[in-house]
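User: I've got a new model open and want a quick walk through its helices. Can you take me through it?

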Amino acid sequence: EQAAGNVYEVFETFIGVMDRVEKEFSISVLESYRRLMSQSCEFVLSHEENHGNITNHFACYSYVAHKMGLFLYDQRYHALGDRLLQRTLALQSSEGWFEEYEGADAGYESRTLYYLAKLFVEFSKKDLLPLLSHSLNNFMRYCIHPDGSIGGEYGSRNTMICYSAGFEILSSYLPIAASFAKNIRLALKLRKTLTLNCLDLD
């Protein structure tokens, strides 16, 4: 499949592993990895996703493009990450939610917030904090239910899965995020919301 998303998803997994084991490799091995990954990453510089407004994808791609820039020592990927971030932010409504196929969806909103939170912390995108607060205070507060579950049939994509790490990241900056994180942790413990056991891996 000629899709940039595949490259971003593979690289995100790759860099997640490298962040943990990079010190185990020699400089020559790391350079060989950079050469190999550079060939794949070049693809995203000339291919963008245009089949719909899927904000959680754009936020993910923005974050991963910046990680590409760090790993490959290439400013082109940082510039790409900034463009993708602007594309993401342009899709935030006045009500706080980020567009998912022409509507709001709490489950995928939590994924968007996860990547924006990582951009805020890891790449010092300080201007993101008020936009994150806008989403949490004016949209997500109505979508995280009293039992800690999230979303459902009222969303544009009907999702009920929660990417709770974004709330954990933001809990040090926004009290409402800390409250969400606490409720969702309890919901996961009591299995009141979707867990990994609910995924169909076949």
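**Helix packing and a few odd residues**

Analyst: Let's begin with a crossing: H1 and H2 cross in a left-handed way. Bear in mind that this is a predicted model.

User: Which residues make the contact between H1 and H2?

Analyst: From H1, the contact uses Ala4, Val7, Tyr8, Phe11, Phe14 and Met18. From H2, it uses Leu30, Tyr33, Met37, Ser40, Cys41, Phe43 and Val44.

User: And what's the angle between H1 and H2?

Analyst: About 155°, with the axes 9 Å apart. H1 covers residues 4-21. Angles over 145 degrees count as roughly antiparallel, so H1 and H2 are roughly antiparallel to each other.

User: What about H2 and H4? How do their axes cross?

Analyst: At roughly 40°, and the axes come within 11 Å. H2 spans residues 27-46 and H4 spans residues 75-89. That angle makes H2 oblique to H4. The crossing of H2 and H4 is left-handed.

User: Which side chains should I click on for the contact of H2 and H4?

Analyst: On H2, pick Ser38, Cys41, Glu42, Val44 and Leu45. On H4, pick Arg76, Tyr77 and Leu80. Cys41 and Val44 of H2 are also listed in the contact with H1.

User: Staying on H2, is Arg34 buried or exposed?

Analyst: Arg34 sits in helix H2. Its relative accessibility is 10%, so Arg34 counts as buried; the cut-off for buried is under 20%.

User: What does the Arg34 side chain reach?

Analyst: The backbone oxygen of Phe71, at 2.6 Å. Leaving out residues up to four places away in sequence, Arg34 touches Glu22, Phe71, Leu72 and Tyr73.

User: New topic: H5. How many residues does H5 have?

Analyst: H5 has 17 residues, running from 106 to 122. From first C-alpha to last, H5 reaches 24 Å. That is close to the 24 Å expected at 1.5 Å a residue.

User: How many residues of H5 are buried?

Analyst: 15 of the 17, so H5 is largely enclosed by the rest of the structure.

User: What's at the start of H5?

Analyst: Asp105. One of its side-chain oxygens comes to within 3.3 Å of the backbone nitrogen of Gly107.

User: And what follows H5?

Analyst: Ser124, in the loop between H5 and helix H6 (128-138). Ser124 is not a glycine, yet its phi is positive, about 55°. Most residues other than glycine have a negative phi.

User: Is Ser124 buried or exposed?

Analyst: In between. Ser124 has 48% relative accessibility, so it counts as partly exposed.

User: Which other residue has a positive phi although it is not a glycine?

Analyst: Tyr101, with a phi of about 50°. Tyr101 lies in the loop between H4 and H5. Its relative accessible area is 39%, so Tyr101 is partly exposed.

User: Last one: where is Gly166 found?

Analyst: In helix H7, residues 165-170. Gly166 is at 2% relative accessibility, so it counts as buried.

User: What does Gly166 touch?

Analyst: Leu113, Tyr114 and Ala117, not counting residues up to four places away in sequence. H5 covers residues 106-122, so you'll find those three partners in H5.

User: And how far apart are Gly166 and Ser110?

Analyst: In sequence, 56 residues. In space, 7.0 Å from C-alpha to C-alpha.

Definitions and conventions
Residues numbered from 1 in each chain as written. Predicted model: local features only at pLDDT ≥ 70, side-chain atom pairs only at ≥ 80, totals over all residues. Heavy atoms only, no water. Helix = DSSP H or I, 4+ residues; strand = E, 2+ residues; numbered from the N terminus. Expected span 1.5 Å × (residues − 1). Buried < 20%, exposed > 50% of the residue type's maximum accessible area, 1.4 Å probe, protein only. Polar contact = N/O pair within 3.5 Å; in protein donor to acceptor, adjacent residues only side chain to side chain. Axes fitted to C-alpha atoms, helices over the stretch in contact; angles between N-to-C directions. Parallel < 35°, antiparallel > 145°, perpendicular 65-115°, else oblique. Left-handed = near helix turned anticlockwise from the far one by under 90°. Contact = heavy atoms within 4.5 Å.
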